[in-house]
Each structure stands twice: as C-alpha cells, then as structure tokens.
Amino acid sequence: QDKGTKMTEFWLISAPGEKTCQQTWEKLHAATTKHNNLSTNSKFNIPDLKVGTLDVLVGLSDELAKLDAFVESVVKKVAQYMADVLEDSKDKVQENLLANGGKVHPSQIHLPGLLEQQWQAEHKFYSSSLYTVPFLFIFKGVNQIDNDLKARASAYNNLKGNLQNLERKNAGSLLTRSLADIVKKEDFVLDSEYLVTLLVIVPKLNYNDWVKQYETLAEMVVPRSSNVLFEDQDSYLCNVTLFRKAVDDFKHKAREYKFMVRDFQYNEEEMKADKEEMNRLSTDKKKQFGPLVRWLKVNFSEAFIAWIHVKALRVFVESVLRYGLPVNFQAMLLQPNKKTMKKLREVLYDLYKHLDSSAAAIIDATMDIPGLNLSQQEYYPYVYYKIDCNLLEFK
C-alpha cells in the first residue's frame with residue numbers, strides 16, 4: 001500500500017442483502033474499484049446475533065453509542081500515555097501501539113480477519129444474547145483497563161516528578177542548584193572555632209577583579225585561600241576562607257563587586273542522602289519502565305479490539321433498525337484513499353440513495369427529527385461508522 005495515499009481511517013458500512021449478501025458485496029467492490037481504486041475493501045462478517053424487540057434495539061443503540069465513545073477514549077488514553085512514557089523515543093510509539101497481540105499497527109490492520117478470530121474465540125458470548133453479555137463483558141474489561149491505567153500512571157508520574165525535581169536541583173544556576181556533585185570535603189576548612197570557608201559565585205566577566213580583590217574585601221581573609229571549584233556558562237564557583245567574625249563585612253563588600261556569597265553549610269550526610277535518593281528514584285523508574293510499556297502494549301491491543309467489537313455491534317443493531325427483519329445485510333470495511341474521499345462518498349451515495357427516500361430531505365432539513373442528532377453524527381442512506389486510527393499517530 002502506498003502510505004502517502006492511504007488513510008489511517010476506516011469506514012465500516014452496511015447495506016441490505018440484494019438477492020444474496022454476496023451480490024451486495026460484489027456491487028460495492030465493483031463500484032469503488034471501477035473509479036481508480038477509491039478504497040481498499042473487505043467483507044466484515046458479523047455472526048448471527050439474537051434479535052429482540054424493537055424497543056430493546058433502540059435502547060441498545062443509545063447504550064452502544066455511549067460505550068463506543070468510552071472505549072475510544074480509553075484507546076486514546078493508553079496510546080497517549082505510551083507516547084508520554086516513551087518520552088524521547090516518539091518514533092518508537094508506533095511500533096508499540098499494535099493490536100492483535102502485538103502483530104500489526106491499526107493502520108495496516110486487517111480488521112475483519114482480526115475480529116473473526118475473536119468472534120470464534122468468544123462465540124459463547126455472542127450467540128447467547130446480543131444485549132447483556134457482550135456489552136457488559138466489553139464495558140467491564142475496558143473499565144478495568146481505564147482504572148488500572150489511572151493507578152499505574154499516577155504511580156509512575158509521581159516517581160518521574162520526584163526524579164525531575166531532584167534533577168532540577170542538580171541543574172540550573174549556581175545560586176540555586178545542588179552542589180552535592182561539585183564540592184568535596186577538602187574544599188572546606190571544617191571544625192574550626194575561628195575559621196570558616198564560604199562559597200562565592202563570581203561572574204566570569206568579573207573574575208580578574210575577584211583575584212585582585214578577594215583578600216582585601218574584609219580583614220582576616222586567609223591569603224591565597226580561593227580556588228575555582230566549578231564553572232557553568234556564566235560564572236565560577238570559588239571558595240574562600242576567612243575568620244568567622246569577618247563574614248558579615250565580607251558578604252556586604254562582595255555584593256558591591258557582584259560577587260554573590262552562597263548560603264551553604266557543608267554536610268556530608270545530607271549530600272549523601274540526596275545522591276542516594278536520586279539513585280533510588282532513577283533505579284525505580286528504570287525498573288518500572290519495562291513492565292509499564294509491556295502492560296500498555298497488551299492493554300492497547302485489548303482496548304482496540306474491544307473498540308472494533310463495539311463498532312461491529314453498532315453496525316448490527318443499526319442495520320436491523322434500518323433495514324428490518326429478517327436479518328439480511330452485508331457489513332463492509334473500506335479504507336479510503338486520501339485524495340478521493342469525496343468521490344468515494346458520491347459513489348456510495350449513488351449506490352445506496354434508493355434505501356432512504358428521505359435521506360436528501362434529512363440532509364437539508366432545518367427541523368429537528370426525533371432520534372437524529374445531526375450535529376453529533378453524519379447521516380447517510382447506508383449504515384456508517386468511522387474507525388479513526390489517526391488518533392493513534394504521534395509525531
């Protein structure tokens with residue numbers, strides 16, 4: 001397939017069986033391929049589901065619409081969180097968002113084949129009753145994924161947030177950043193009753209002034225006691241040793257020359273604790289990363305397949321409501337070509353406009369028609385649902 005013209009969007013439609021459902025399929029296929037391959041098509045076989053009363057079907061149609069929106073939102077959330085977790089490797093997101101047990105990306109997926117395996121695996125649910133079991137089965141499964149995602153994301157985000165805060169402390173300007181990785185015990189005079197070592201941030205532009213001036217900024221500065229311990233883009237971090245009683249004078253005078261004395265007490269225990277905390281968080285994050293990505297992969301596939309099931313159930317219910325009983329319709333999956341979508345719509349309209357004499361009137365109508373919310377859904381004479389996999393594209 002030419003990726004440039006293929007949409008990562010599918011149209012799931014259905015039309016009544018003509019003499020046979022096979023004929024319906026052939027007619028659609030011929031019409032869309034005659035005009036320069038408007039779409040790639042496949043049959044979308046839905047098992048025979050039990051049909052109840054009209055009231056039940058109408059109610060189910062509404063419930064399925066809500067379920068569809070919910071499941072789609074969970075599919076999106078899992079995909080988006082995968083992109084968040086993979087951070088710098090956004091290009092890896094696509095290869096991790098795979099459905100059908102991690103075999104194919106939804107944009108290349110063969111949905112009917114995927115579902116047929118599922119229908120067979122879960123045949124007992126779908127043959128028993130259309131209304132309760134599959135619906136609850138899907139809702140419970142996806143709701144569980146949603147809740148698990150919240151819990152896992154919250155735990156991982158906390159860890160990530162704490163680590164980022166510590167990393168921020170280890171970056172940034174010399175006035176605020178952590179100095180645990182920069183200063184050593186030997187840079188300080190410790191445990192002296194009279195002497196103390198200060199840390200001073202000296203702008204690079206003023207460094208020559210510092211060398212000339214620091215010994216005379218106050219009385220009792222120890223000569224040649226200043227060294228450059230570290231530098232960033234703009235400044236040097238220097239130490240200087242002086243008598244305790246001269247500290248206030250020194251600070252005051254230093255400020256006049258734009259030398260900033262940093263408030264800092266050398267405390268080995270504290271700095272060690274900071275380092276250990278950072279290592280612990282970093283290790284925890286690495287430990288959680290693999291299992292989290294695996295969980296997201298598996299549950300993306302589960303949620304995506306559940307979403308397609310909901311679409312299939314909606315097509316079934318809507319087709320029975322529109323085309324009546326006995327159940328006789330063919331569901332078909334189209335993957336439109338990007339450049340000819342408008343033409344494809346016209347071809348489908350011509351094929352199926354006879355199904356609904358009021359279709360043209362409805363499209364033009366300004367009055368409210370009960371049960372039809374035009375702002376919420378596009379209306380066509382055939383049953384139509386869009387499966388939009390563009391929501392899974394992360395650049």
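Reading the sheet, the helix and the cores

User: What makes the order β4-β5-β3-β6 an open sheet in this predicted model, and which strands stand at the edges?

Analyst: In this predicted model, four strands form an open sheet in the order β4-β5-β3-β6, with antiparallel pairing. β4 (227-231) and β6 (260-262) are the edge strands: each has a single partner strand, so one side of each is left without a neighbour in the sheet. Neighbouring strands of the sheet are turned by 35 degrees against each other on average, direction ignored.

User: How do you know that β3 and β5 are paired?

Analyst: Two strands count as paired if there are at least two bridges between them. Nine bridges join β3 (residues 195-203) to β5 (residues 235-243), and these strands run antiparallel. The pair therefore meets the criterion. As one detail, V202 stands opposite Y236 in β5.

User: Which residues of helix α8 are called buried, and why are they placed on the same side?

Analyst: Buried means under 20% relative accessible area. In α8 (residues 247-256), V247, F250 and A254 are buried. They cover an arc of only 60 degrees around the axis, which puts them on the same side of α8. On the other side, D248, D249, H252, R255 and E256 are exposed, a term that requires over 50%.

User: What do the buried residues of α8 pack against, and what follows just after the helix?

Analyst: The buried residues of α8 pack against β3, α7 (207-213), β5 and β6. Just after α8, K258 takes a positive phi of about 65 degrees.

User: What makes a set of residues a nonpolar core, and how many residues has the largest one?

Analyst: Membership requires buried residues of nonpolar kinds, such as Ala, Val, Leu and Ile, joined through side-chain atoms within 4.5 Å. The largest such core has 50 residues, and I46, V71 and L296 have the most contacts inside it. Among the elements that give two or more residues to this core are α2 (54-85), α6 (133-169) and α9 (268-323). α9 gives the most, with 17 residues.

User: Which residues is V71 in contact with, leaving aside its neighbours within four places in sequence?

Analyst: With those neighbours left aside, V71 is in contact with I138, V142, A303, A306, W307 and V310. Apart from the largest core lies another, of 19 residues, including V196, W210, V247 and A254.

User: How many helices and strands does the protein chain have, and what share of its residues is buried?

Analyst: The protein chain has 11 helices and eight strands. Of its 395 residues, 46% are buried.

Key. Residues are numbered from 1 along each chain as its sequence is written. This is a predicted model: local features need pLDDT of at least 70, side-chain atom pairs count only at pLDDT 80 or more; totals for chains, interfaces and linings use all residues. Side-chain values use heavy atoms; hydrogens and water are left out. Buried means under 20% relative accessible area, exposed over 50%, partly exposed in between (1.4 Å probe, protein chains only). Contact means heavy atoms within 4.5 Å. Axes are lines fitted to C-alpha atoms, for helices over the stretch in contact, and angles run from 0 to 180 degrees between N-to-C directions. The arc is that of the directions from the helix axis to the C-beta atoms.
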